[in-house]
Amino acid sequence: MDIKTKTCTCLVWLMILGTVTTACNKKDDVDDSASSSEGRYTGEAYQDLNSPWVKDSDKKTHYTRWECILFGSYPTNEVVSGSFNAVDDYALGEEDVIVDATLYRRLESAEWTDDDTEIDGKRYHRLKGSGAVTCSADREQHYRWTSPEDWHFFIYTPIKWRILKISGTKAVLLADRMPDTHPFHNKDEDVNWSGSDLRQWLNSEFLDRAFSETERKAIELTSVDNSPNAQYGTKCGSDTHDYVFILSNKEVFASPLASDYGFYAGSGIDDPARRFRSTLYAKCRGAWWSSVTNYRGNSFWFMRTNGYTPSNITYVCDFGYLYNQGTAVTCDDAAVLPAITVDLAKASYLKAPSVASTDVNN
């Protein structure tokens, strides 16, 4: 078993066996007396869109509602010809699997360019084992590939984004589901966000696949702060400017900015606002999902903040707990939860149903 396999295997067992004990021993570092029992919007509004609405009178009743928009598109739901058992039922969304033998046959015989095609005005993407991050027939809580040579077909659907903050016409957006998976880095070495493979991939392949040329013009180049790990003091490299990025520790935990984004700023709970699920396409590419009762189907996602060493990266687990110590940068089954800043005045988007922190497994 190589280092990467050992690390990720330990990571899964750590999340399954160790999180409850760790979470129960945490102390709250926020003064609850300063919290209000009334709900509030955390920031500005733009037309009929608002920044997050939170009710955070104490750690037990913390609640967030994010308004959402549809912007861009990405491969999401799989088209199959018959029965489907590659993913456990509890880890699937209602529309994740499209059973349509006729469409499947049309996709098999279609002409493809860069593994994309269009049928009846709808865009599709195909994937086989060589295009996945990991491909296995029997890796628990991972997509079960029957053959790495078989094509799997996915329809593009609009990406749903949660609005984290509005300032004037600009909105910071976070994907509502993890659309894909990708290692933070492809070598077991000291690396930070600025030099990571994940940053390069998000700002090239992901950006080009998810957004049209017109849509990309509405995406702002965001100034990304890469402060050191607050607990361990690990330096996280220079600040960057990115079109697509992932969140840092202080954007989801123990800071005014985390509170503005709708996350619970204390350390006394495994915050439901930090729990996310991955798409079926992300699972096919290699994303892990949880089998733990009350969190079944949730995935874990990378932060851009280094852990206790420069060769570790922090992450948020299926429970919604931030693992500040981190895991190896080469871990291959964390899902990716991208963020962008969009100028709403320039963007062509659709308003989508809002999302609450209670909507994901609790």
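Helices here are DSSP runs of H or I with at least four residues, and strands are runs of E with at least two, numbered from the N terminus.

**View 1. The whole chain, with seven helices and 22 strands.** The model is predicted. By the DSSP rule, the protein holds seven helices and 22 strands. Buried residues account for 55% of its 362 residues. Contacts reach far along the sequence: of those between residues at least 6 apart, 68% join residues at least 24 apart. The protein exposes about 15,600 Å². Carbon and sulfur atoms supply 47% of that area.

**View 2. Strand S5 (residues 63-80), largely enclosed by the rest of the structure.** How many of the 18 residues of S5 are buried? The count is 14, so the strand is largely enclosed by the rest of the structure. Its pairings with S4, S22, S9 and S6 are taken up in the next two views.

**View 3. Antiparallel partners of S5: S4, S22 and S9.** Strand S4 (residues 53-55) is joined to S5 by three bridges, and the two run antiparallel. Here Val54 stands opposite Thr64 of S5. Strand S22 (residues 350-356) also pairs with S5 in the antiparallel sense, over five bridges. In this pairing, Cys68 faces Ala352 of S22. Strand S9 (residues 152-167) is again antiparallel to S5, with nine bridges between them. Asn77 has Ile155 of S9 opposite.

**View 4. S5 and S6, a parallel pairing.** Parallel or antiparallel: how do S5 and strand S6 (residues 97-99) run? They run parallel, joined by three bridges. Val80 stands opposite Val99 in S6.

**View 5. The ring pair Trp53 and Tyr63, between S4 and S5.** The protein counts 22 aromatic pairs. In one of them, the rings of Trp53 and Tyr63 have centres 6.0 Å apart and planes at 75°. Edge-to-face requires an angle over 60 degrees, so this pair is edge-to-face. Trp53 lies in strand S4 and Tyr63 in strand S5, 10 residues apart, and the pair links distant parts of the chain. Tyr63 is partly exposed, at a relative accessible area of 23%. The cut-off for buried is under 20%.

**View 6. The ring pair Trp201 and Phe206.** The ring centres of Trp201 and Phe206 are 5.9 Å apart. Their planes meet at 45°, so the pair is tilted. Both Trp201 and Phe206 are buried. Ring pairs also link these two into a cluster with Phe71, Tyr74, Phe154, Trp161, Phe211 and Tyr281.

**View 7. Helix H3 (residues 197-210), kinked at Asn203.** The kink is about 30° and is centred on Asn203. Which residues of H3 are buried? They are Leu198, Arg199, Trp201, Leu202, Ser204, Phe206, Leu207 and Ala210. An α-helix has 3.6 residues a turn, so residues three or four places apart point the same way.

**View 8. Arginine charges over tyrosine rings, at Tyr156 and Tyr90.** Arg123 places its charged end over the ring of Tyr156, 3.9 Å from the ring centre. Arg296 lies over the face of Tyr90. In this second case the distance to the ring centre is 4.0 Å.

Key
Residues numbered from 1 in each chain as written. Predicted model: local features only at pLDDT ≥ 70, side-chain atom pairs only at ≥ 80, totals over all residues. Heavy atoms only, no water. Buried < 20%, exposed > 50% of the residue type's maximum accessible area, 1.4 Å probe, protein only. Pairing = 2+ DSSP bridges. Contact = heavy atoms within 4.5 Å. Areas by Shrake-Rupley, 256 points an atom, 1.4 Å probe, with all protein chains shown as cover. Bend = angle between axes of the 7 residues up to and from the residue. Phe/Tyr/Trp six-rings, centres within 6.5 Å; stacked < 30°, edge-to-face > 60°. Lys NZ or Arg CZ within 6 Å of the ring centre and 35° of its normal.
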